Amino acid sequence: FGTCMFECCDVLVGDVDEYGLVECDAIGYRLDIFSGNQPFPVCIDRLDMEKAWNFGVQLNRKFLLFDRILNINLDYYRTNFTDQVVADNETQVGKVNFYNLDGDSYSNCYQVEVKYELIPRFDVLGAYRYNDVKTTINGDLKRTPLTSRYKGLVNLSYFTNLKKWQFDFTTQFNGSGRLPEQGGIADEYR
(Lines give C-alpha, C1' and ligand atoms only; values in the text may rest on other atoms or scores of the structure.)
Protein backbone atom coordinates (compact mmCIF):
# COMPACT_ATOMS: atom_id res chain seq x y z
CA PHE A 1 0.00 0.00 0.00
CA GLY A 2 3.02 2.31 -0.02
CA THR A 3 3.81 5.04 2.47
CA CYS A 4 1.10 6.27 4.89
CA MET A 5 1.28 9.63 6.59
CA PHE A 6 -0.57 9.97 9.90
CA GLU A 7 -1.62 13.47 10.78
CA CYS A 8 -3.09 14.61 14.06
CA CYS A 9 -3.69 18.00 15.63
CA ASP A 10 -4.95 18.59 19.18
CA VAL A 11 -5.66 22.03 20.61
CA LEU A 12 -6.47 22.69 24.29
CA VAL A 13 -7.94 26.02 25.34
CA GLY A 14 -8.80 26.98 28.90
CA ASP A 15 -7.91 26.47 32.53
CA VAL A 16 -7.72 22.75 33.31
CA ASP A 17 -9.13 23.27 36.82
CA GLU A 18 -12.35 25.01 35.70
CA TYR A 19 -13.00 24.44 32.02
CA GLY A 20 -11.39 23.13 28.90
CA LEU A 21 -12.08 23.02 25.20
CA VAL A 22 -10.22 20.39 23.18
CA GLU A 23 -10.31 20.31 19.40
CA CYS A 24 -8.94 17.30 17.52
CA ASP A 25 -8.37 16.53 13.83
CA ALA A 26 -6.79 13.32 12.57
CA ILE A 27 -6.58 10.89 9.70
CA GLY A 28 -6.80 7.16 10.30
CA TYR A 29 -6.06 4.03 8.31
CA ARG A 30 -7.05 0.39 8.78
CA LEU A 31 -5.96 -2.56 6.69
CA ASP A 32 -7.06 -5.81 8.34
CA ILE A 33 -10.80 -5.62 8.90
CA PHE A 34 -10.98 -9.36 9.63
CA SER A 35 -9.31 -9.64 13.04
CA GLY A 36 -7.37 -12.81 12.20
CA ASN A 37 -9.63 -15.52 13.61
CA GLN A 38 -12.67 -15.38 11.37
CA PRO A 39 -14.68 -18.61 10.97
CA PHE A 40 -14.63 -18.41 7.17
CA PRO A 41 -11.98 -17.85 4.50
CA VAL A 42 -11.82 -14.30 3.22
CA CYS A 43 -10.05 -12.95 0.18
CA ILE A 44 -8.98 -9.33 0.55
CA ASP A 45 -6.90 -9.02 -2.62
CA ARG A 46 -9.17 -6.43 -4.20
CA LEU A 47 -10.10 -4.46 -1.08
CA ASP A 48 -8.51 -1.08 -0.49
CA MET A 49 -7.07 0.09 2.80
CA GLU A 50 -9.66 2.00 4.80
CA LYS A 51 -9.11 5.73 5.25
CA ALA A 52 -11.09 8.19 7.36
CA TRP A 53 -10.86 11.79 8.54
CA ASN A 54 -11.82 12.39 12.16
CA PHE A 55 -12.88 15.72 13.62
CA GLY A 56 -13.96 16.36 17.16
CA VAL A 57 -14.45 18.82 19.93
CA GLN A 58 -14.83 18.32 23.67
CA LEU A 59 -15.99 20.90 26.18
CA ASN A 60 -15.38 20.25 29.87
CA ARG A 61 -16.79 22.53 32.55
CA LYS A 62 -16.55 22.23 36.33
CA PHE A 63 -19.04 23.96 38.61
CA LEU A 64 -19.14 24.33 42.36
CA LEU A 65 -22.55 23.07 43.55
CA PHE A 66 -23.27 22.76 47.30
CA ASP A 67 -19.51 22.83 48.00
CA ARG A 68 -18.85 19.92 45.65
CA ILE A 69 -17.58 19.73 42.07
CA LEU A 70 -20.10 19.07 39.30
CA ASN A 71 -18.21 18.00 36.17
CA ILE A 72 -19.93 18.19 32.77
CA ASN A 73 -18.36 16.95 29.51
CA LEU A 74 -19.87 17.59 26.08
CA ASP A 75 -18.36 15.76 23.09
CA TYR A 76 -18.96 15.83 19.35
CA TYR A 77 -16.97 13.71 16.92
CA ARG A 78 -17.40 13.15 13.19
CA THR A 79 -15.73 10.56 11.01
CA ASN A 80 -15.82 10.88 7.22
CA PHE A 81 -14.80 7.71 5.44
CA THR A 82 -13.08 8.30 2.12
CA ASP A 83 -12.23 4.61 1.67
CA GLN A 84 -14.13 1.93 3.55
CA VAL A 85 -14.79 -1.78 3.26
CA VAL A 86 -18.55 -2.30 3.35
CA ALA A 87 -19.96 -5.52 4.83
CA ASP A 88 -23.19 -5.85 2.85
CA ASN A 89 -25.59 -8.53 4.09
CA GLU A 90 -28.62 -6.95 2.43
CA THR A 91 -27.99 -7.36 -1.31
CA GLN A 92 -28.00 -11.17 -1.47
CA VAL A 93 -29.93 -13.47 0.83
CA GLY A 94 -27.68 -15.71 2.91
CA LYS A 95 -24.45 -14.01 1.82
CA VAL A 96 -22.24 -11.24 3.13
CA ASN A 97 -20.51 -9.28 0.40
CA PHE A 98 -17.38 -7.25 1.16
CA TYR A 99 -16.57 -4.46 -1.24
CA ASN A 100 -15.01 -1.00 -1.38
CA LEU A 101 -17.25 1.95 -0.56
CA ASP A 102 -18.87 3.58 -3.58
CA GLY A 103 -20.57 6.65 -2.13
CA ASP A 104 -20.72 8.40 1.23
CA SER A 105 -20.14 7.04 4.71
CA TYR A 106 -19.95 8.99 7.94
CA SER A 107 -20.47 8.85 11.68
CA ASN A 108 -21.61 11.68 13.96
CA CYS A 109 -21.34 11.03 17.68
CA TYR A 110 -22.75 13.35 20.37
CA GLN A 111 -22.12 12.60 24.03
CA VAL A 112 -22.89 14.25 27.35
CA GLU A 113 -21.40 13.07 30.66
CA VAL A 114 -22.19 14.37 34.15
CA LYS A 115 -20.28 13.43 37.31
CA TYR A 116 -21.04 14.62 40.85
CA GLU A 117 -20.15 13.64 44.42
CA LEU A 118 -23.63 13.53 45.91
CA ILE A 119 -22.46 12.99 49.48
CA PRO A 120 -18.90 12.44 50.74
CA ARG A 121 -17.32 9.41 48.97
CA PHE A 122 -20.49 8.69 46.93
CA ASP A 123 -20.09 9.56 43.23
CA VAL A 124 -22.83 9.55 40.62
CA LEU A 125 -21.98 9.38 36.91
CA GLY A 126 -24.43 9.56 34.03
CA ALA A 127 -23.63 9.48 30.32
CA TYR A 128 -25.69 9.53 27.12
CA ARG A 129 -24.47 9.12 23.54
CA TYR A 130 -26.36 9.57 20.27
CA ASN A 131 -24.92 8.04 17.09
CA ASP A 132 -25.83 9.08 13.55
CA VAL A 133 -24.03 6.50 11.39
CA LYS A 134 -24.75 6.10 7.67
CA THR A 135 -23.14 4.08 4.88
CA THR A 136 -23.83 3.71 1.19
CA ILE A 137 -24.98 0.11 0.72
CA ASN A 138 -25.78 -1.08 -2.79
CA GLY A 139 -26.05 2.53 -3.99
CA ASP A 140 -28.30 3.85 -1.18
CA LEU A 141 -27.13 5.99 1.76
CA LYS A 142 -28.84 4.48 4.81
CA ARG A 143 -28.37 3.91 8.53
CA THR A 144 -25.66 1.35 9.13
CA PRO A 145 -27.26 -1.93 10.20
CA LEU A 146 -26.76 -3.35 13.71
CA THR A 147 -25.49 -0.03 15.09
CA SER A 148 -27.52 1.36 17.99
CA ARG A 149 -28.63 4.98 17.71
CA TYR A 150 -28.14 5.77 21.37
CA LYS A 151 -26.50 4.41 24.51
CA GLY A 152 -26.64 5.40 28.12
CA LEU A 153 -24.86 4.62 31.35
CA VAL A 154 -25.44 5.28 35.06
CA ASN A 155 -22.75 4.50 37.64
CA LEU A 156 -23.03 4.79 41.42
CA SER A 157 -19.77 4.45 43.33
CA TYR A 158 -19.06 4.50 47.06
CA PHE A 159 -15.63 4.51 48.74
CA THR A 160 -15.09 3.67 52.40
CA ASN A 161 -12.80 5.73 54.62
CA LEU A 162 -9.17 5.62 53.45
CA LYS A 163 -10.46 4.10 50.17
CA LYS A 164 -9.93 0.53 51.37
CA TRP A 165 -13.21 -0.67 49.82
CA GLN A 166 -15.16 0.50 46.82
CA PHE A 167 -18.70 -0.51 45.87
CA ASP A 168 -20.00 0.10 42.36
CA PHE A 169 -23.33 -0.27 40.64
CA THR A 170 -23.41 0.27 36.90
CA THR A 171 -26.28 -0.08 34.48
CA GLN A 172 -26.43 0.68 30.81
CA PHE A 173 -28.97 0.75 28.04
CA ASN A 174 -28.55 0.42 24.30
CA GLY A 175 -31.01 1.79 21.81
CA SER A 176 -32.38 -0.10 18.89
CA GLY A 177 -30.46 -0.54 15.68
CA ARG A 178 -31.64 -1.11 12.16
CA LEU A 179 -31.83 -4.76 11.15
CA PRO A 180 -30.44 -5.62 7.73
CA GLU A 181 -33.04 -5.58 4.98
CA GLN A 182 -33.51 -9.03 3.51
CA GLY A 183 -35.28 -8.38 0.22
CA GLY A 184 -36.89 -11.42 -1.29
CA ILE A 185 -37.49 -13.25 2.00
CA ALA A 186 -41.12 -13.82 2.86
CA ASP A 187 -42.28 -12.17 6.11
CA GLU A 188 -43.02 -15.50 7.83
CA TYR A 189 -39.33 -16.50 7.50
CA ARG A 190 -37.85 -13.26 8.92
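# A tour of the salt bridges, a nonpolar patch and an asparagine cluster

Four salt bridges are counted in this structure, which is a predicted model. Before selecting any of them, it helps to look over the whole chain.

**The whole chain**

Colour the chain by secondary structure, and what appears is 11 strands and zero helices, so that the order of elements from the N terminus reads β-β-β-β-β-β-β-β-β-β-β. Of the 190 residues in the chain, 25% are buried. If one takes the contacts between residues at least 6 apart in sequence, 55% of them join residues at least 24 apart. Switching to a surface view, one is looking at about 13,100 Å² of accessible surface, with carbon and sulfur atoms accounting for 56% of it.

**First stop: R178 and E90**

Select R178 together with E90, which form a salt bridge whose closest N and O atoms are 2.7 Å apart. R178 belongs to the segment after β11 (166-174), while E90 sits in the loop between β5 (85-88) and β6 (97-100), and the pair therefore ties together parts that are 88 residues apart in sequence. Both R178 and E90 are buried.

**Second stop: E181 and K142**

Keep R178 on display and add E181 and K142. E181 forms a salt bridge with K142, and here the closest N and O atoms lie 3.4 Å apart. Since E181 lies in the segment after β11 and K142 in strand β9 (residues 140-143), this pair ties together parts that are 39 residues apart in sequence. Are the two partners buried or exposed? E181 is partly exposed, its relative accessible area being 43%, whereas K142, at 15% relative accessibility, counts as buried.

**Third stop: what links the two pairs**

Now centre the view on E181 and R178. E181 also forms a salt bridge with R178, with 3.7 Å between the closest N and O atoms. The relative accessible area of R178 is 14%, so R178 falls under the 20% cut-off for buried residues. Through salt bridges that share partners, E90, K142, R178 and E181 are joined into one network, and displaying these four side chains at once lets the network be followed from residue to residue. As a general point, side chains of opposite charge can pair when their charged atoms come close.

**Fourth stop: a nonpolar patch on the surface**

Return to the surface view and select L21, V57, L59, L74, V112, V114, Y128, Y150 and F173, which form a nonpolar patch with about 670 Å² of accessible area together. Which elements give two or more residues to the nonpolar patch? They are β3 (50-65) and β7 (105-119). For a single residue to inspect, take V114, which lies in strand β7 and is partly exposed, with a relative accessible area of 34%.

**Last stop: N60 and its polar contacts**

Finally, go to strand β3 and select N60, which lies in that strand. At 15% relative accessibility, N60 counts as buried. Which side chains does the side chain of N60 meet in polar contacts? One is that of N71, joined to the side chain of N60 by a polar contact of 2.9 Å, and another is that of N73, where the polar contact with the side chain of N60 is 2.3 Å. Showing N60, N71 and N73 as sticks brings both contacts into one view.

Methods:
Residues are numbered from 1 along each chain as its sequence is written. This is a predicted model: local features need pLDDT of at least 70, side-chain atom pairs count only at pLDDT 80 or more; totals for chains, interfaces and linings use all residues. Side-chain values use heavy atoms; hydrogens and water are left out. Helices (H or I, at least four residues) and strands (E, at least two) are DSSP runs, numbered from the N terminus. Buried means under 20% relative accessible area, exposed over 50%, partly exposed in between (1.4 Å probe, protein chains only). Patches are made of residues with over 30% relative accessible area and no salt bridge: like charges are joined within 9 Å, nonpolar side chains (Val, Leu, Ile, Met, Phe, Trp, Tyr) within 5 Å. Accessible areas come from the Shrake-Rupley method with a 1.4 Å probe; for residues, only the protein chains shown count as cover. A polar contact is a pair of N or O atoms within 3.5 Å; within protein, one must be able to donate a hydrogen and the other to accept it, and residues adjacent in sequence count only if both atoms are side-chain atoms. Contact means heavy atoms within 4.5 Å.
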